[in-house]
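This briefing looks at how charged side chains are placed and paired in one protein chain. Please keep the sequence and the model in view while reading the points that follow.

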Amino acid sequence: MKQEWVKYGTKLKLREIKELLDHLPRSSSVAIISPDNLQKELFTDSGAGTLLRRGYKLYKHKSIQDVGQDRLRRVLAERDEDVTSGRKSVAQVLGELEKSQAPYTIYGDEPCDVVAIVSHPEGQVPVMTKFLANATAIQNGVTDNIFNSIKKDFKRLFWTAKADDENKSWHFERADGSFTRNGRSLFYYGVQDAGEVERLVKEFEKNNRIERSYLPISYTSSSRGTVQSSGNIASALRSFSTSARRPAVRPSSPSSTPPSSSRSFSSSTSHSATAKRVALIGARGYTGSNLVSLLNSHPTLELSHVSSRELAGQPLSEYTKSKMSYQNLGFKEMEQLEAKGEVDAWIMALPNGVMTPFVEAIDKGAQGKSEDQKSVIIDLGADKRFDESWTYGLPGEFSSVQA
């Protein structure tokens, strides 16, 4: 109720929903959805719209006994990577925690859908040694509540996760920076200086507070100010191949034949006389921010517009080719930009299910243009994955075809 976006009719809905849920079993929930999504809500796990349910109280304790040893044992046995991989037993993990001289705090919720352990020796930067969440916690946002509780207590924090973690975007969104070595990523927030990061990592390794060696660090910044390890330099400096022709991205019909005079976005010298102008819609998310970094290094692509409703007016400091600020591009503005031919390619880095009106605005602005005059549209989401009038695949595949 304290959020800025909660006002007027929204407040009334929330009050009435709370009054309803207060008198129903805790397993009950209320979903605010459109009729079109009713089947998805009833018959799929992902659901649709906005879900509201009564939550559980969060806790934070200073000892295993306060949490309950049996409860903690069960969570470790089911979710802790060290235990499930066979590297350690539950008894070893608990024993190391109890024998540790450093104070620690265990965070969680009543049903233990999330359990986090933060080690915080006096005078040293805290390290989150465990963050164990089940699918229910992830779907219901309990992970966010626990992490926010930790962030209130600690202004700086380091933690690790597998590089191929299925929820790695969640970690990136909450970190000020990260770097990866040997299949694990080290995340942190509250530290802005790369030299300070290196000094702290050395301390962690000296005191055995992190198990894996993350040094040396190469100061190659990504779109989020990320410090990358030398193990990532090869992938960070990989060549760019973005050759794509319009029919490979958005053909006029499923059976249409690609015209021979297709417009190319190849990074080869024969096609790089002028830089192609890219408008990025949805730059604030993890995908969008990483794309900014790629475009910043690309020899023949440049950002012309970058849209984020929440960051409108703020400078895009990660982009150094030219001075760039976030804009709040509405449908009318996008239609006008397309009509004037000010954009060569639109890239949609939006949540699934929301891109259709953006494409409609671009198509409206392109009315009356020939195919080679229209801009290219690339959707990084899944909205058009099964639409036969669009082509789903990797840009590299289009490059090899055209080559």
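A salt bridge is taken here as a side-chain nitrogen of Lys or Arg within 4 Å of a carboxyl oxygen of Asp or Glu. The model is predicted, and it holds 16 salt bridges. Two groups of these pairs are described below, followed by an arginine that has no such partner.

**The network around Glu81 and Arg87**

- Salt bridges link Asp80, Glu81, Asp82, Arg87, Lys130 and Arg184 in a network.
- Within this network, the side chains of Glu81 and Arg87 meet in a salt bridge with an N to O distance of 3.6 Å.
- Both residues of this pair can be placed by their accessibility, since Glu81 counts as partly exposed at 27% relative accessibility, and Arg87 is partly exposed with a relative accessible area of 49%.

**The salt bridges of Arg174**

- Arg174 forms a salt bridge with Asp144, in which the closest N and O atoms are 2.7 Å apart.
- Because Arg174 lies in helix H9 (residues 168-174) and Asp144 in helix H8 (residues 142-153), this pair ties together parts that are 30 residues apart in sequence.
- The side chain of Arg174 also meets that of Glu173 in a salt bridge, at 3.4 Å from N to O.
- With a relative accessible area of 19%, Arg174 is buried, the cut-off for that class being under 20%, whereas Asp144 is partly exposed at 26% and Glu173 is partly exposed at 44%.

**Arg209, a buried arginine without a salt bridge**

- Arg209 lies in the loop that runs between helix H10 (194-206) and strand S10 (217-221).
- Although Arg209 is buried, it has no salt bridge, and the nearest side chain of opposite charge, that of Glu203, is 6.4 Å away; because a salt bridge requires the nitrogen and the carboxyl oxygen to be within 4 Å, Glu203 does not serve as a salt-bridge partner for Arg209.
- The side chain of Arg209 does reach the backbone oxygen of Ser119, at 3.1 Å.
- Leaving aside residues up to four places away in sequence, Arg209 touches Ser119, His120, Pro121, Gln124, Val125, Pro126, Val127 and Phe204, so that Ser119 appears both among these contacts and as the residue whose backbone oxygen the Arg209 side chain reaches.

Methods: Residues are numbered from 1 along each chain as its sequence is written. This is a predicted model: local features need pLDDT of at least 70, side-chain atom pairs count only at pLDDT 80 or more; totals for chains, interfaces and linings use all residues. Side-chain values use heavy atoms; hydrogens and water are left out. Helices (H or I, at least four residues) and strands (E, at least two) are DSSP runs, numbered from the N terminus. Buried means under 20% relative accessible area, exposed over 50%, partly exposed in between (1.4 Å probe, protein chains only). Lys and Arg count as positive and Asp and Glu as negative; His and the chain ends are not counted. A polar contact is a pair of N or O atoms within 3.5 Å; within protein, one must be able to donate a hydrogen and the other to accept it, and residues adjacent in sequence count only if both atoms are side-chain atoms. Contact means heavy atoms within 4.5 Å.
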